[in-house]
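Visitor: I would like a walk through this model, one question at a time. Please end each reply on the value or name I ask for.

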Amino acid sequence: MKFRIGNKLLLLFLVVALVPLSGVSYLTYRDAEKNYRKEATASLAVIAESKANGIKSYLLERMKDITVLSHTPSLIDAMERFEAAFDREGLDSRRYQAVEKEWGPFLIQYKGATGYQDLFLISPEGDAVFSVEKGEDLGSNYLTGPYKNSELAEVFDRARTLLETEVSDFGYYPATNEPAAFLAAPIFKEGHFVGVVALQMSNQEVYQAVQDYSGLGETGETIVGSRIGNQVIFVAPTRQDPFSAFRRRLVIGSHELLPLQEAAQGKRGSGISIDYRGKKVLAVWDYLPSFRWGIVVKIDSAEVFKPIAAMRNRFVVIMTLTTLMVILLSLFTAKSIAKPIRTLQEGTEIIAQGDLTKQIPVTTKDELGLLTDAFNKMTLNLKRSMQDLERRRKESEEREKQLKETQAMLVQAGKLTAMGQLGAGIAHELNQPLTAIQGLSQTMFGRMKSTDPYRQPLEKVIEQAKRMTKIIENIRKFGREAKGEVEPVDIHQTLEDALMLVSAQLKHHGIEVIKEYADSLPSVQGNANQLQQVFTNLLTNACDALDEVGLGGRIWMITQCRGAEARSVEVVFKNDGPSIPEKDITEIFNPFFTTKPPGKGTGLGLSISYGIIRDHHGSIEVENLKEGGVEFRISLPLSENTENTASPTDPIFAKIL
């Protein structure tokens with residue numbers, strides 16, 4: 001790699017200016033990010049501790065409530081009365097209703113005043129003898145009934161076993177079809193255990209303790225989860241997902257929201273992690289033993305480190321501006337030192353590549369300027385010599401090309417002439433024996449009786465002999481030299497003459513010809529022999545195209561009048577073979593252009609046809625069909641002496657094989 005003076009100056013300036021600046025910027029950014037992360041983590045830790053203390057205080061207050069309630073004489077009396085009425089006569093008895101009328105208002109008032117969702121009285125045997133809300137769990141047994149596995153059943157069992165106030169996990173309660181947490185306290189009378197009072201805590205109060213987002217910005221939130229088996233279940237709505245409570249769950253050991261998994265397993269910590277939305281967050285997590293919850297306080301890293309990102313962007317802008325200034329300074333310096341040398345070098349390289357029009361500007365008056373001037377003069381002399389040689393080479397190539405084209409056309413014309421003469425000679429030689437065969441056959445046919453078994457075969461011989469006579473006449477007509485005479489031409493007869501020449505080829509390849517001739521088509525002004533040559537070329541080309549894709553195919557020959565007053569005849573040849581490539585469709589009328597393999601075409605047929613139609617003051621066009629295939633459309637003027645009797649809307653349809 002070549003290092004020019006400008007490159008060396010640019011590299012030197014960049015190293016001197018950017019290396020110290022980059023080092024200082026990196027160290028400053030790293031220290032700022034480290035300190036800011038430490039401060040943000042400490043702030044989240046304070047918030048997490050505050051929320052944990054708030055939840056603990058809330059729970060202690062609720063436990064104090066139920067402990068005081070369990071020692072209330074009125075509650076103890078109500079417990080005994082409800083239990084006795086339930087055990088003896090059941091919920092629907094008059095005795096139970098009397099007890100409920102007496103003690104129910106007190107319990108309902110307590111529940112309403114304290115904000116709990118429900119209040120239960122449960123007998124030592126596990127029967128729910130009273131419920132303020134009178135849900136479907138009233139009267140069931142929490143030891144043997146349908147709710148034996150509920151959080152209320154578990155906290156009741158612990159309270160009657162340990163004889164202490166207990167709090168349940170925050171879980172789904174089937175009787176109310178929503179998440180719930182319960183407090184339970186044993187009830188004693190004169191030292192004897194007589195039952196358990198249970199309070200269902202308000203979900204909203206629990207959620208409010210969690211959903212306080214003070215100090216958490218726009219994206220911060222608190223997530224609380226409880227471990228159940230091998231899963232951690234969200235027990236409260238989150239800021240980003242208000243419906244996450246008891247719907248979102250994590251599998252312990254997965255890579256999703258690792259802080260909540262660790263907190264639910266009794267661990268605490270802090271750091272950068274990925275939350276349940278897949279976003280990077282700064283999180284602090286802890287464990288709440290009172291509720292057996294894991295708590296995570298987090299905030300999006302993009303929000304936390306927004307000031308750091310702004311600092312980084314400022315560093316990038318400073319680095320970019322400094323780099324641009326260094327580049328501009330180095331370019332200016334290099335230009336003033338190296339421009340004359342570089343200009344001469346660039347000009348010399350351009351001239352060495354063959355561009356002799358390049359003139360190197362003379363920018364100095366010293367020895368380098370004199371050398372540049374001498375070099376320019378040498379270039380001008382060399383350019384004149386090269387232009388003279390190029391002119392002679394092109395003239396020679398053009399003459400050679402014209403000779404080759406003329407020779408090829410002469411050879412092809414000779415071939416066509418020889419083929420025409422050979423065809424006419426063969427037709428003449430075949431005509432005499434064919435005339436004899438036809439005459440003798442007709443004589444024999446005339447002498448045969450109608451019952452003769454050979455009469456019908458001989459009739460077919462005569463018919464085929466007439467057909468051969470017509471074919472031979474058509475070959476002789478096609479082989480005659482066109483005299484250029486212009487006369488009214490019957491298009492339908494000319495089409496039939498062309499079709500007869502190629503009918504054997506079409507039948508051999510299994511190609512179906514469909515004729516759609518207009519009724520009473522008027523004559524056109526032209527040369528029948530030349531038009532037959534055009535039609536024969538188009539039929540032969542269509543046959544070759546269909547033969548490329550296999551046996552079979554169809555060719556349509558359509559005639560119709562065109563124009564407001566039907567002043568021209570249109571002949572259409574179309575087939576359902578392969579389309580012409582778009583790159584070739586504009587070239588097919590050029591002489592010697594062909595898409596056929598070597599030896600199968602000269603590229604003159606369509607060019608000659610184009611010239612014949614043009615001499616007839618007509619037009620020939622080609623296009624690919626949307627449904628597949630190619631269509632050639634020929635338009636010819638009507639004969640001036642022919643009245644327009646065409647009826648384009650009343651075509652005659654015919655089909656041959």
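Visitor: Which helix holds L11?
Guide: The model is predicted, so read each value as computed from it. L11 falls within residues 5–70. That run is helix 1.

Visitor: Is L11 buried, partly exposed or exposed?
Guide: Buried means under 20% relative accessible area, and exposed means over 50%. L11 has 47% relative accessibility. L11 is therefore partly exposed.

Visitor: What accessible area does the nonpolar patch of L11, V15 and V19 have together?
Guide: Residues three or four places apart on an α-helix point the same way. L11, V15 and V19 form a nonpolar patch on the surface. Together their accessible area is about 260 Å².

Visitor: Which strands are the edges of the open sheet?
Guide: The sheet has five strands, in the order 2-1-7-6-3, with antiparallel pairing. An edge strand here pairs on one side only. The edges are strand 2 (128–131) and strand 3 (166–167).

Visitor: Which residue in strand 7 stands opposite F188?
Guide: Strand 6 (residues 182–189) and strand 7 (residues 192–200) pair in the antiparallel sense. Eight bridges hold that pairing. Opposite F188 stands F193.

Visitor: How many residues of strand 12 are buried?
Guide: Strand 12 covers residues 280–288. The strand is mostly covered. Of its nine residues, the buried ones number seven.

Visitor: Which residue in the turn between strand 11 and strand 12 has a positive phi?
Guide: Strand 11 (residues 269–274) pairs with strand 12 over six bridges, in the antiparallel sense. S273 faces V281 across that pairing. The hairpin has five residues between its strands. The turn residue with a positive phi, about 85°, is G278.

Visitor: And which residue takes a positive phi in the hairpin of strand 12 and strand 13?
Guide: Strand 12 and strand 13 (residues 293–300) run antiparallel, joined by eight bridges. V284 has V297 as its bridge partner. Four residues lie between the strands of this hairpin. The phi near 60° belongs to R292.

Visitor: Is D275 buried or exposed?
Guide: D275 sits in the loop between strand 11 and strand 12. Its relative accessible area is 3%. The cut-off for buried is under 20%, so D275 is buried.

Visitor: Which residue's side chain joins D275 in a polar contact of 2.7 Å?
Guide: D275 belongs to a network of salt bridges that share partners. Its members are E221, D275, R277, K298 and D300. The side chain at 2.7 Å from that of D275 is R277.

Visitor: How many salt bridges does the model count?
Guide: The rule asks for a Lys or Arg side-chain nitrogen within 4 Å of an Asp or Glu carboxyl oxygen. One pair that meets it is E496 and K515, with closest N and O atoms 3.0 Å apart. By this rule the count is 20.

Visitor: How far apart in sequence are the parts tied by E496 and K515?
Guide: E496 lies in helix 11 (residues 491–508), and K515 in strand 15 (residues 512–519). E496 is partly exposed at 27%, whereas K515 is buried at 9%. The salt bridge thus ties parts whose separation is 19 residues.

Visitor: Which residue forms a salt bridge with E570?
Guide: E570 is in strand 18 (residues 568–575), and its partner is in strand 20 (residues 630–637), 63 residues apart. E570 is buried, at 8% relative accessible area. The partner is partly exposed, at 23%. With N and O 2.7 Å apart, the partner is R633.

Visitor: At what distance are the closest N and O atoms of E631 and R633?
Guide: E631 is buried, with 8% relative accessible area. E631 also forms a salt bridge with R633. The closest N and O atoms are apart by 2.4 Å.

Visitor: Which residue caps the N-terminal end of helix 12?
Guide: Helix 12 (residues 528–548) has 21 residues. It reaches 31 Å between its end C-alphas, close to the expected 30 Å. A side-chain oxygen of the cap lies 3.0 Å from the backbone nitrogen of N529. The capping residue is N527.

Visitor: What phi does G550 take?
Guide: G550 comes just after helix 12. Its phi is positive, at about 120°.

Technical notes. Residues are numbered from 1 along each chain as its sequence is written. This is a predicted model: local features need pLDDT of at least 70, side-chain atom pairs count only at pLDDT 80 or more; totals for chains, interfaces and linings use all residues. Side-chain values use heavy atoms; hydrogens and water are left out. Helices (H or I, at least four residues) and strands (E, at least two) are DSSP runs, numbered from the N terminus. The expected span of a helix is 1.5 Å times one less than its number of residues. A polar contact is a pair of N or O atoms within 3.5 Å; within protein, one must be able to donate a hydrogen and the other to accept it, and residues adjacent in sequence count only if both atoms are side-chain atoms. Buried means under 20% relative accessible area, exposed over 50%, partly exposed in between (1.4 Å probe, protein chains only). Two strands pair if DSSP finds at least two bridges between them. Patches are made of residues with over 30% relative accessible area and no salt bridge: like charges are joined within 9 Å, nonpolar side chains (Val, Leu, Ile, Met, Phe, Trp, Tyr) within 5 Å. Accessible areas come from the Shrake-Rupley method with a 1.4 Å probe; for residues, only the protein chains shown count as cover.
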